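Please take a moment with the sequence and the model below before reading on. The paragraphs after them are meant to be read with both in view.

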Amino acid sequence: MVFLIKRLFDIIFSLVLLIVLCPVFLLLSIVIKIDSKGPIFFKQKRIMKNRVEFFILKFRTMRVETPKDVPTHMLNNPDHYITKVGKILRHTSLDELPQLINIFKGEMSFVGPRPALWNQFDLIEEREKYGANDIPVGLTGWAQINGRDDLLIPVKAKFDGEYVKKMNLAFDITIIVRTVFYAITGKGIKEGSNSL
């Protein structure tokens, strides 16, 4: 029942936001194309529920020559790769908006463990201990509002496990509201392996 309510919420809310935010999508698409060469959208192979692979969508914030399948906070010099517009999009989390499409398609939910890169085997295995690979991945999650990039993998997986136990619509809405605050402040975002 929890998953059914969650899915209905995802379908309705994502569709409404996709319609309402059409002008924003158009404006950001134009700005991205003017700012640097390359596609508007960035696709990357990630892991969804039951360890199935899918392609997550984001607005492109990095140059086309950026090393693939490397988390940004693991790059030695991320500022070299992030575009001018990309810095703004990443700080405000506007680059994540295309994931509304992933949510509408059923590949993601609004709330759940953030989808791991296909090659983040340590995170995937750690989540297995808590059953966090068996629920929908999310645009945001309990770990996201408790440290985000600042969290070590075992800690992040433990937060994902706590979400598995507490998962319900009221808890999801609480996480979404707190995520808006994080998006505004940029709290917990790390850009580079040497970031503090």
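What follows goes through some of the helices, then a loop and a strand, and then one residue in a second loop.

The model is a predicted one, and every value given here is to be read with that in mind. A convenient place to begin is helix α1, which covers residues 2-20, together with α2, which covers residues 22-35. These two helices pack at an angle of about 55°, and their axes lie 4 Å apart. Because of that angle, α1 counts as oblique to α2. The residues that meet are Leu18, Ile19 and Val20 on the side of α1, and Cys22, Pro23 and Phe25 on the side of α2. Sorted by character, the residues of this contact are six nonpolar, no polar and no charged.

From α2 the path leads to helix α3, made up of residues 84-92, in which Val85, Gly86, Leu89 and Arg90 are buried. Seen down the axis of α3, these buried residues fall within an arc of 130°, so they line one face of the helix. A general property of helices helps in following this pattern along the sequence: an α-helix has 3.6 residues a turn, so residues three or four places apart point the same way. The face of α3 that is turned away from the buried side carries Lys84 and Ile88, which are exposed. As for what covers the buried residues of α3, the cover includes α2 as well as strand β2, residues 53-59. Just after α3 comes serine 93, which takes a positive phi of about 65°.

Positive phi values appear again in the loop between β1 and β2, where asparagine 50 is found and where arginine 51 also has its place. As background, most residues other than glycine have a negative phi. Asparagine 50, although it is not a glycine, has a positive phi of about 65°, and arginine 51, likewise a residue other than glycine, has a positive phi near 60°. With a relative accessible area of 48%, asparagine 50 is partly exposed, and arginine 51, with a relative accessible area of 38%, is partly exposed too.

Beyond this loop, glutamate 53 lies in strand β2, and its relative accessible area of 47% makes it partly exposed. Which residues does glutamate 53 contact, leaving aside its neighbours within four places in sequence? They are Lys45, Arg46, Ile47, Met48 and Trp118. One of these partners, tryptophan 118, is 65 residues from glutamate 53 in sequence, while the C-alpha to C-alpha distance between the two is 7.1 Å.

Helix α5, residues 121-128, has as its buried residues Leu123, Ile124, Glu126 and Arg127. Viewed down the axis of α5, they fall within an arc of 165°, so they line one face of the helix. These buried residues pack against β1, residues 41-47, and against α6, residues 153-166.

The packing of α5 and α6 can be described in the terms used earlier, since two packed helices are described by the angle between their axes and the distance between the axes. For α5 and α6 the angle is about 40° and the axes are 9 Å apart, which means that α5 is oblique to α6. The crossing in which α5 passes α6 is right-handed. Asp122, Leu123, Glu126 and Arg127 of α5 make the contact with Ile153, Pro154, Lys156, Ala157 and Asp160 of α6. The residues of the contact of α5 with α6 divide into four nonpolar, no polar and five charged. Glutamate 126, which lies in helix α5, counts as buried because its relative accessibility is 16%, and a residue is buried under 20%. Not counting residues up to four places away in sequence, glutamate 126 touches Ile153, Pro154 and Ala157.

The last stop is isoleucine 135, whose place is in the loop between α5 and β4, the latter being residues 138-140. Is isoleucine 135 buried or exposed? Isoleucine 135 has a relative accessible area of 4% and is therefore buried. Apart from residues up to four places away in sequence, isoleucine 135 touches Phe3, Lys49, Pro113, Tyr163, Val164 and Met167. Of these, phenylalanine 3 is 132 residues away from isoleucine 135 in sequence, yet their C-alpha atoms are 8.7 Å apart in space.

Technical notes. Residues are numbered from 1 along each chain as its sequence is written. This is a predicted model: local features need pLDDT of at least 70, side-chain atom pairs count only at pLDDT 80 or more; totals for chains, interfaces and linings use all residues. Side-chain values use heavy atoms; hydrogens and water are left out. Buried means under 20% relative accessible area, exposed over 50%, partly exposed in between (1.4 Å probe, protein chains only). The arc is that of the directions from the helix axis to the C-beta atoms. Contact means heavy atoms within 4.5 Å. Axes are lines fitted to C-alpha atoms, for helices over the stretch in contact, and angles run from 0 to 180 degrees between N-to-C directions. Angles under 35 degrees count as roughly parallel, over 145 as roughly antiparallel, 65 to 115 as roughly perpendicular and the rest as oblique. A crossing is left-handed if the near helix is turned anticlockwise from the far one by less than a right angle, and right-handed if clockwise. Ala, Val, Leu, Ile, Met, Phe, Trp, Tyr, Cys and Pro count as nonpolar, Asp, Glu, Lys and Arg as charged, and the others, Gly among them, as polar.
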